[in-house]
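Here are my comments on the model, set out as numbered points for you to check at your own screen. Please keep the coordinates open while you read, and follow each point in turn.

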Amino acid sequence: MSACLSNCLATIAWGQAIRSDNPAPTGQSYLTGDWGGLRSYLESYGVTFTFSDTNDFLANVNGGIKTGTVGLGAFQPQLDLDLQKLAGWEGDRVHIHGLVTYGPLFSANYLGNILAVSNIEAGPMARLYAFWYEHNAPDSLWSIRFGLMLADSQFLQSNTAANFINNGISWPTFLAANLPASGPAYPLPAPGIRVRVQPHDDIQFQAAVFSGDPSGGNGSNQPAPLPTGTVFSFSGGAFFITEASYLPNQGKDARGLPGAYRIGAWYHTSARFADQRFDENGLSLASPQSTGIPLEHAGDGGVYGVIDQMLYRVPGTDDQGLSGFFRAGGVPQDRNLINFYADGGLLYKGLPRRPDDKIGIAAAVARVGENARGLDADIGFFSGNPFYPVRSSEAVMELMYQAQLKPWWMLQPDLQYVMNPSGGVLNVDGGLRRNALVIGVRSFLNF
């Protein structure tokens, strides 16, 4: 029974552990074992060390910018302190988390797309990934977390979606493509505070505020290189996000199928959201008379919804069966490259003789906003090229199989088909960027 519990916890944790700054779940198995009893001794006093390494081997076999193969990875050491066990402080804990990424950027160099193929792509860098303190009230009625942390591991969550590799499915692109430095999400945390209230087992409310530009910049949403080290940024305005969730049948003995239904909204206070079409004088950025400096808008915001539902459960099991998810969100047209995003998919766990393996299919679509499309039309007009492409939307389909080879080792073959990369643009040779086919394998090790 204990071995089964350990395996179940491990398989639930794979997706979350790859990018999350949440504490490691208890009962995990490790490649390096119990360290002669030291690891379990420390855990009995509330001290948990976890070391994980994620590696992606990706090959663009057709389309995009060019074909080619790369390897990239993310090493994450973390320390969790249960202060109730250590000091008798009920409900209090500290989480310290590092991140070291290696390997080149794959999507930018080989595909030139918006929905990055890998959710660990970051380029070579090392930083403090999280350092936060959390207090939980008795019976989990409410909790508060503050420090250096992430929004993408706490909001817009779908346990089903977390098993896929594509970055758009990890941190939806209507946020990732539009916020300064992609917002407080992998690989850049930001100082913040989150409050969560759960007045009933199936009702939850949470809200958070983060520093507005996790890169340390001025809050602009213009593309810029990311820093390679630790940044404690209090610049660039503030990012507010709030979410309400209905969580039916989450208890172990619930008769119905578990689900999660969320609605949320966010607002960013920066005054430097660049218009996607017009300059500071109201001229098209494509005009020969343009200053080339975009008109800046004050503030940005949007709304979203999440559905994550188990659809069928294998009789006699807790988590084997079919699950599905759907998410969508929208933002204003003028200051955002992507004004609408949606994703969805299906995941089945519990194949014959492989009870902890999973197979899944997902799709995502990101629509380019009207102002960005208008700029493309302006470029065609001012250049005298009536055939200059006007961007529309990009979509991706992902098919994956997740195999738990050992309690501490997961291997995930992955296939992605990227349609209309960047919404339909030209490569440097003047040809239209073609649909791309990517084959990959992910390896996740828990040390």
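The points below deal with one acidic residue, the nonpolar core, the aromatic pairs and a few backbone features.

1. Please bear in mind throughout that this is a predicted model. All the contacts and angles discussed here should be read as features of that prediction.

2. I would begin with Asp-308, which has its place in strand β12, residues 300–313. This residue is buried and yet has no salt bridge. The nearest side chain of opposite charge belongs to Arg-262 and is 6.1 Å away, whereas a salt bridge, because of the way it is defined, would need the charged atoms to be within 4 Å.

3. What does the side chain of Asp-308 reach at 2.7 Å? The partner is the backbone nitrogen of Asn-159, and in addition a polar contact of 3.0 Å joins the side chain of Asp-308 to that of Ser-158. Ser-158 and Asn-159 also appear in the list of residues that Asp-308 touches when those up to four places away in sequence are not counted, a list that further includes Thr-160, Pro-258, Gly-259, Ala-260, Gly-324 and Phe-325.

4. Turning to the interior, the largest nonpolar core has 56 residues, and of these Phe-106 and Ile-241 touch the most other members. If neighbours within four places in sequence are left aside, Ile-241 is in contact with residues that include Phe-155, Leu-156, Phe-210, Trp-266 and Tyr-304. The contacts of Ile-241 also include Gln-206, Ala-207, Ala-208 and Ala-265.

5. Across the whole structure, 13 aromatic pairs are found. In one of them, the rings of Tyr-133 and Phe-146 have their centres 5.8 Å apart and their planes at 25 degrees, so the pair is stacked, the cut-off for that class being under 30 degrees. This pair links distant parts of the chain, with Tyr-133 in strand β4 (residues 125–136) and Phe-146 in strand β5 (residues 142–149), 13 residues apart. Both partners are partly exposed, Tyr-133 with a relative accessible area of 24% and Phe-146 with one of 40%.

6. The rings of Phe-381 and Phe-382 have their centres 5.1 Å apart but their planes at 80 degrees, so this pair is edge-to-face. Phe-381 is exposed, with a relative accessible area of 63%, while Phe-382, at 37%, is partly exposed. Elsewhere, ring pairs link Trp-35, Phe-49 and Phe-51 into a cluster.

7. The backbone deserves a separate look, since most residues other than glycine have a negative phi, and most peptide bonds are trans. The bond that joins Tyr-186 and Pro-187 is a cis peptide bond, with omega about 5 degrees. Pro-187 is found in the loop between α6 (173–176) and β6 (190–200).

8. Which residue has a positive phi near 55 degrees without being a glycine? That residue is Leu-156, found in the loop between β5 and α5 (167–170). Leu-156 is buried, with a relative accessible area of 3%, and is also one of the residues in contact with Ile-241.

9. Finally, Ser-422 has a positive phi of about 60 degrees although this residue is not a glycine. Ser-422 lies in the loop between β17 (409–419) and β18 (434–446), and at 15% relative accessibility Ser-422 counts as buried, because the cut-off for that class is under 20%.

How values were computed: Residues numbered from 1 in each chain as written. Predicted model: local features only at pLDDT ≥ 70, side-chain atom pairs only at ≥ 80, totals over all residues. Heavy atoms only, no water. Helix = DSSP H or I, 4+ residues; strand = E, 2+ residues; numbered from the N terminus. Buried < 20%, exposed > 50% of the residue type's maximum accessible area, 1.4 Å probe, protein only. Lys, Arg positive; Asp, Glu negative; His and termini not counted. Polar contact = N/O pair within 3.5 Å; in protein donor to acceptor, adjacent residues only side chain to side chain. Contact = heavy atoms within 4.5 Å. Core = buried A, V, L, I, M, F, W, Y, C linked by side-chain atoms within 4.5 Å. Phe/Tyr/Trp six-rings, centres within 6.5 Å; stacked < 30°, edge-to-face > 60°.
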